[in-house]
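User: I have a structure here and would like to talk through its charged pairs and its packing. Could we go through it together?
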Amino acid sequence: RIEAAISAGEPPFATVGELQRRIVHSLGPLVNPRADALDLERELRDIVETWSGVAEIVYLMDRDMLPPLSTDPACAMAVVDIISVACDEAVRDNGATKIFVTLAHTPGATFVSVSENGSVQNPLDQGIGVRLLDSCSLAWFRKHTFGRNLVNASLPYLPDAEAAWAMTSA
C-alpha cells in the first residue's frame with residue numbers, strides 16, 4: 001500500500017498512519033488489556049481463598065482506592081502478580097501463617113507492602129519474585145525486621161492510562 005501510494009505520487013503519510021492505527025488497534029488487547037478485564041477486588045479475594053486454611057492474609061487498604069487503581073491496567077495486574085507471588089513464596093518457602101498486605105497510591109505511584117511471619121529469607125534468592133519486582137517496579141526492597149519478612153515495592157501508576165491508550169488506538 002505504501003509503494004502504491006508513492007507510485008501514484010501521493011504522500012505515504014496517511015497510509016502509514018492508517019496502517020499504524022490498525023496495528024495498534026489489533027495488538028491493543030495483547031499489550032494493554034482494558035481495565036475492566038481485571039476485577040481487582042475479585043483477584044485479591046482469590047489470593048486469600050487460595051491460602052485459606054494454610055495462612056491468613058489480611059489486606060490493609062482503603063477499598064476506595066481499587067476503582068482508581070483499575071484505571072491503570074498494567075499497574076493493577078502488576079499489583080496482583082506481586083501480591084500473589086509474595087504470598088506464594090511466604091507460605092511455600094518461609095512457612096508463613098500470617099501475611100499482611102498494604103496498598104496505597106498517589107498520582108504517580110502505587111505502593112505494595114507484604115509482611116509475613118515466616119522464617120528468615122535467603123537474601124541471595126533470585127527466584128521469580130525478584131525477577132517480577134525487577135521488571136515492574138520503580139524501586140523495591142526486602143528485609144527481615146522485627147521477626148517478620150518484609151517486601152516493599154513502588155510501581156508506576158498512570159491514572160489516565162486507559163484514556164492514553166484509547167487515544168493511541170483510535
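User: Which residue does Glu43 meet in a salt bridge?
Analyst: In this predicted model, the side chain of Glu43 meets that of Arg42, with 3.4 Å from N to O. Glu43 is partly exposed at 21% relative accessibility, and Arg42 is partly exposed at 35%.

User: And what does Asp46 pair with?
Analyst: Asp46 forms a salt bridge with Arg42, and the closest N and O atoms are 3.4 Å apart. The two residues are four apart in helix 3, so about one helical turn separates them. Arg42, Glu43 and Asp46 are thus linked in a network of salt bridges.

User: How many salt bridges are there in the whole structure?
Analyst: The search finds five. One of them joins Lys98 to Glu56, with the closest N and O atoms 2.7 Å apart. This pair links distant parts of the chain, since Lys98 lies in strand 2 and Glu56 in strand 1, 42 residues apart.

User: How do strand 1 and strand 2 pair?
Analyst: They pair in the parallel sense over five bridges, and Leu60 stands opposite Thr102 in strand 2. Strand 2 is also joined to strand 3 by seven bridges, in the antiparallel sense. Strand 2 and strand 3 form a hairpin with three residues between them.

User: Back to helix 3: which residues are buried?
Analyst: Leu40, Leu44 and Ile47 are buried. Seen down the helix axis, they fall within an arc of 50 degrees, so they line one face of helix 3. On the other side, Glu49 and Thr50 are exposed.

User: What covers the buried residues of helix 3?
Analyst: The covering elements include strand 1, helix 4, helix 5 and strand 2.

How values were computed: Residues numbered from 1 in each chain as written. Predicted model: local features only at pLDDT ≥ 70, side-chain atom pairs only at ≥ 80, totals over all residues. Heavy atoms only, no water. Buried < 20%, exposed > 50% of the residue type's maximum accessible area, 1.4 Å probe, protein only. Arc of directions from axis to C-beta. Contact = heavy atoms within 4.5 Å. Pairing = 2+ DSSP bridges. Salt bridge = Lys/Arg side-chain N within 4 Å of Asp/Glu carboxyl O.
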